[in-house]
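Morning, everyone. Please look at the model on the screen, and I will walk you through its contacts.

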Protein chains: 2
Amino acid sequence: MSETVKSPRERYRAQVRDEIKAHAWAQVATTGAAALSLNAIAKQMGISGPALYRYFRNRDELMTELVLDAYRDLSTTCRAAAATAHTPTTRLAAVAGALRRWALAEPHRYLLIYGTPVPGYAAPPEATAIAASIMSVLMDAFTAASAAADTASDAATGPLPKPAAALDRHLATHRQWAADHPAPPAVLRCALTFWTRLHGVVSLEVAGHFTGMNFDPALLYAAEADAAIAAR
Amino acid sequence: MSETVKSPRERYRAQVRDEIKAHAWAQVATTGAAALSLNAIAKQMGISGPALYRYFRNRDELMTELVLDAYRDLSTTCRAAAATAHTPTTRLAAVAGALRRWALAEPHRYLLIYGTPVPGYAAPPEATAIAASIMSVLMDAFTAASAAADTASDAATGPLPKPAAALDRHLATHRQWAADHPAPPAVLRCALTFWTRLHGVVSLEVAGHFTGMNFDPALLYAAEADAAIAAR
DNA sequence: CGCTTCAGTTATAACCTCTAACTCCAGTAT
DNA sequence: ATACTGGAGTTAGAGGTTATAACTGAAGCG
């Protein structure tokens, strides 16, 4: 760590950058990413607007930084949750629970990643790399789960439905996103559906589409997580 | 229809309102809802900015109008798709296909409804009513599907997993959103999961989260739709 | 200890939403 | 038919935003 010793200038610069990001996160948490205002941040910090442009080229660069922070945080949260459990199925359940808690803790942070992309904005390659790393957590767990299922009772799950089989055949050749992961197509499919199903529930929840419906999204989420795990 | 005869003033007013909305939709389609600019619309129409405020109290009112239009269009699209099929399962498949086509035809329109809510904005009660009507299409189809399954072979689907059973018990009492629909809890659960699963795939697709992954979302979507229908 | 680099400043441009005050014409009512 | 009035559209302007340009002054560097 002592090798990261920097000049005073750079130390100060990094410190101010972090302070800016802290204020930005506060804004995102309260009013959402769309209302993020560089001017307001500067005012809160007691400096004038254009001073911020010494630290971030423009609004998009700050936004990208926030997106990457959010991705990183989500990734470590999922990995930490996975590490707490020792059986494959409980590990998947732990990741599912952690994902929802993470999303509900700061809805705007979840929406910053998975919500409406800003018009001209394109996610940086690093973001997709982190997203892939989250998927690898799921693929690891599903690999272990399917192995355990083989040794135990591989029946119960009858023949694969046609569309699922077609998806598996497709994923056998179209697996660029999991190129460095040795999982078979079925595991890729399971990880993918696990992700999309959980996102389906939690994204509607954080966007407020369940508010008027008067039921507990937690139960729906639990049922979906369970189904996705049991389906194998 | 001839009873809706209006004064010339009101005819003109309605016409201009529609023209404004047409330009707004064009903007939403190209740059997204977040970048919707009343000024730009006025410029395109050859009038000056403040003139628009004769027709819409503010930006939010125009946005609300667009949201309601989108909801209405999605609702009629789903109902039309459901009407094309004659068996319950093909009807569900038709609705699923129509939903994805509708979303992909204009991604920003889908995101306008199901994407990140704008900061201070709250959906009008009419929107939730239309959303409920979309759900009722699904509940009708699942009701018919489960009835058909009873007459045929109700086995295959073994005992309900614990979390799903818990959700069913919860929905038995928490069904405000389907108060005027006689469907049993299991049907509510099926409709709900059908919705969330399809949304999970299509929302990630329109938000561009599959772009770097190099697989065909259509196959994943088809597999998910099929699974949600087969699960009953 | 001088020089240079850079953080922060003000001024400014070009947008945005939205209000206020005014003009003027067209539809309405007598 | 004509007088009246309501409303559509105008300009001016307040207050917000992102972002650039030019300048100042101090702090770090050699």
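One term before we start: a polar contact here is a pair of N or O atoms within 3.5 Å; within protein, one must be able to donate a hydrogen and the other to accept it, and residues adjacent in sequence count only if both atoms are side-chain atoms. Now the ground rules. This is a predicted model, where local features need pLDDT of at least 70, side-chain atom pairs count only at pLDDT 80 or more, and totals for chains, interfaces and linings use all residues. Residues are numbered from 1 along each chain as its sequence is written, chains are lettered from A and ligands numbered from 1 in the order in which they are written, and side-chain values use heavy atoms, with hydrogens and water left out.

Start with DNA strand C. Which partner does A:Ser48 have on this strand? A polar backbone atom of A:Ser48 sits 2.8 Å from a phosphate oxygen of DNA strand C. Chain B reaches phosphate too. The backbone of B:Arg59 places a polar atom 2.7 Å from a phosphate oxygen of that strand. For B:Ser37, an N or O atom in the side chain is 3.2 Å from a phosphate oxygen of DNA strand C.

Now the wider surroundings. A residue is near a strand if one of its heavy atoms lies within 4 Å of it. DNA strand C has 20 residues around it, and A:Tyr12, A:Arg54, A:Tyr55, B:Leu38 and B:Arg59 come nearest. Of the strand C atoms within 4 Å of the protein, 69% are sugar or phosphate.

Next, the helices, which are DSSP runs of H or I, at least four residues, numbered from the N terminus. Helix 1 of chain A gives the largest share of the surface near DNA strand C, three residues.

Over to DNA strand D. Again there are 20 residues around the strand, and the nearest include A:Leu38, A:Tyr53 and B:Tyr55. Here 65% of the strand D atoms within 4 Å of the protein belong to sugar or phosphate, and the rest to bases.

What does A:Arg9 meet on this strand? A base nitrogen of DNA strand D is 3.2 Å from an N or O atom in the A:Arg9 side chain. Phosphate is contacted as well. A polar backbone atom of A:Leu38 lies 2.6 Å from a phosphate oxygen of DNA strand D. The side chain of B:Tyr12 has an N or O atom 2.8 Å from a phosphate oxygen there.

Which helix leads near DNA strand D? Helix 1 of chain B, with three residues, the largest share.

Definitions and conventions:
Helix = DSSP H or I, 4+ residues; strand = E, 2+ residues; numbered from the N terminus.
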